[in-house]
Amino acid sequence: MSLRPSIQQVLAGLRHEGQVDEFAESRARSTLEVHQRTSTASPWFVKAFAAFGAWLAAIFLLSFFACVGLWDEEEVFAVIGIVLVIAAVALRRTIHGVFLEQLTLALTLAGVGMAGVGVAQFGSDNAGVGAGLVLCLVLLFVYPDSTLRFLATLGAGAASLYLLLELVSGQVMDLELLACTGLLHWLFLQQARLRAGKYGDLVGPVSFALACGLPAAMLTRLASFLVETHEWSLTLPMPLLTLGLTAITLYTAWHIMREHDLPPSGAPGAAVFAALTLVAVLTVHTPTVICAVGLMALGFHRRSNLMVGIATAFLLASGAWYYYDLSVTLLAKALALMGSGLILLGLRLFLSRRFPQAPSPVEAR
């Protein structure tokens, strides 16, 4: 079975369940043909040149602001940045086209940067980051573009972590990392239901932004002991962070088993929960390992190639970091890496033999 099923496989399954009639495939093909003609009306190189021209125009506009001396006028610089954001959002919501979409995206990002830098110059660095955080949160709801919503989520997450580390403590920052991990798992597990809601357009950009930003934040957090500052010294202990991430991963495994009609309280559930717990215990000082395992489970559950790729790279980076961690002996590293691999391979062998999956009707033909 492929990671992402084809349209024919999905329709065959729906027909088998009695959800669609025998003419659904022809209607689906007609709809896909219309969508392909409209989405490929302009060749890719035309779209690339339009995007290049839009970003070049935005750069020229910013260079004009710098040449007239607005860089030295902090208040005016910040106000112009906010006005630029408002104008770009209004233009994007009323006019469509490749050039204008890229132009408004570039102007919006430039406006957010101008506002943040301007506030930081006449205020403080924390004030500038706070202004960027507010603008990112607002753009997340008012800007009708998945790319900017993705970037706004990344910006808001990075700004909030920075402010918590600087103004509160590293422990609160770690709690936010756990909250973001739980939010990511919840978005992927409830994806189908949330997409049908009022804010369904936000689910995809926000979830994948968290999936990209969380590994970077966790790896940075893992390397925090190399930075001997007061803020980093007040973070949560690694075993406690591993405990929270393990609890989230175990809940995800329980939810996935329920969706696949596997009894969580039976032998499969005991095997899965024991394997995940042993992996967490073996890598208790490297919480990114169990976090990467949870992301990989989400990727396979939702058949997302991108998510599986992100989780694989995250797991490799976590394993490399664990191997070169000088606080763990070489024997402990070897036993942990070998044990984790044997546990996961044994779990796969147990589940595949205990609950063999029959091929779908399309694959059987």
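How exposed is Glu-259 in terms of relative accessibility? In this predicted model, Glu-259 has a relative accessibility of 37% and counts as partly exposed. The report below returns to this residue after describing the chain as a whole, its nonpolar core and one of its pockets.

## Overall architecture

The protein chain contains 16 helices and 0 strands. Of its 365 residues, 39% count as buried.

Contacts can also be sorted by how far apart the partners lie in sequence. Among contacts between residues at least 6 apart, 67% join residues at least 24 apart.

## The largest nonpolar core

A total of 39 residues make up the largest nonpolar core. Those with the most contacts inside this core are Leu-184, Met-218, Leu-245, Leu-295 and Met-307. Seven helices are named as giving two or more residues to the core: α7 (146-168), α8 (170-189), α10 (203-222), α11 (238-259), α12 (267-282), α13 (287-301) and α14 (305-323). The greatest contribution comes from α10, which supplies 8 residues.

Met-218 serves as an example of a core residue. Met-218 is found in helix α10 and is buried, because its relative accessible area of 2% falls under the 20% limit. When neighbours within four places in sequence are left aside, the residues in contact with Met-218 are Leu-177, Leu-241, Leu-245, Thr-288 and Phe-314. Met-218 can also be compared in position with Ala-292: the two residues are 74 apart in sequence, while their C-alpha atoms are 10.0 Å apart in space.

## The second largest pocket

The second largest pocket holds about 640 Å³ of space. Its lining consists of 33 residues, and the closest to the pocket centre are Thr-153, Gly-157, Ala-158, Cys-180 and Leu-210. The elements giving two or more residues to this lining are α6 (125-142), α7, α8 and α10.

Helix α10 gives the most to the lining, with 9 residues; α10 also gives the most to the largest nonpolar core. When the lining residues are sorted by class, 27 are nonpolar, 4 are polar and 2 are charged.

## Pro-205 in helix α10

Another residue of helix α10 is Pro-205. Is Pro-205 buried or exposed? Pro-205 is buried, since its relative accessible area is 8%, and the limit for this class is under 20%.

Not counting residues up to four places away in sequence, Pro-205 touches Ser-146, Arg-149 and Phe-150. Pro-205 and Asp-145 are 60 residues apart along the chain, and their C-alpha atoms are separated by 9.2 Å.

## Salt bridges

Side chains of opposite charge can pair when their charged atoms come close. The count for this model comes to 4 salt bridges. One of them joins Arg-221 and Asp-174, whose closest N and O atoms are 2.8 Å apart. Arg-221 lies in helix α10 and Asp-174 in helix α8, so this pair ties together parts that are 47 residues apart in sequence. Both partners are buried: Arg-221 has a relative accessible area of 3%, and Asp-174 has one of 0%.

The opening residue, Glu-259, forms a salt bridge with Arg-302, with 3.5 Å between the closest N and O atoms. Because Glu-259 lies in helix α11 and Arg-302 in the loop between α13 and α14, the pair ties together parts that are 43 residues apart in sequence. Glu-259 counts as partly exposed at 37%, and Arg-302 is likewise partly exposed, with a relative accessible area of 23%.

## A network of charged residues

Arg-92, Glu-101 and Asp-145 are linked in a network of salt bridges. Within this network, the side chains of Glu-101 and Arg-92 meet at 3.9 Å, N to O. Which of these two partners is buried? Arg-92 is buried, with a relative accessible area of 7%, whereas Glu-101 counts as partly exposed at 28% relative accessibility. The remaining member of the network, Asp-145, is the residue whose C-alpha atom is separated by 9.2 Å from that of Pro-205.

Terms used: Residues are numbered from 1 along each chain as its sequence is written. This is a predicted model: local features need pLDDT of at least 70, side-chain atom pairs count only at pLDDT 80 or more; totals for chains, interfaces and linings use all residues. Side-chain values use heavy atoms; hydrogens and water are left out. A nonpolar core is a set of buried Ala, Val, Leu, Ile, Met, Phe, Trp, Tyr and Cys residues joined through side-chain atoms within 4.5 Å. Buried means under 20% relative accessible area, exposed over 50%, partly exposed in between (1.4 Å probe, protein chains only). Helices (H or I, at least four residues) and strands (E, at least two) are DSSP runs, numbered from the N terminus. Contact means heavy atoms within 4.5 Å. On a 1 Å grid over the protein atoms alone, a cavity is a set of points where a 1.4 Å probe fits but cannot get out, and a pocket is an open set with protein on both sides within 12 Å along at least five of seven lines; lining residues have an atom within 4 Å of a point. Grid points are joined across faces, edges and corners, and a volume is the space filled by probe spheres set on the points. Ala, Val, Leu, Ile, Met, Phe, Trp, Tyr, Cys and Pro count as nonpolar, Asp, Glu, Lys and Arg as charged, and the others, Gly among them, as polar.
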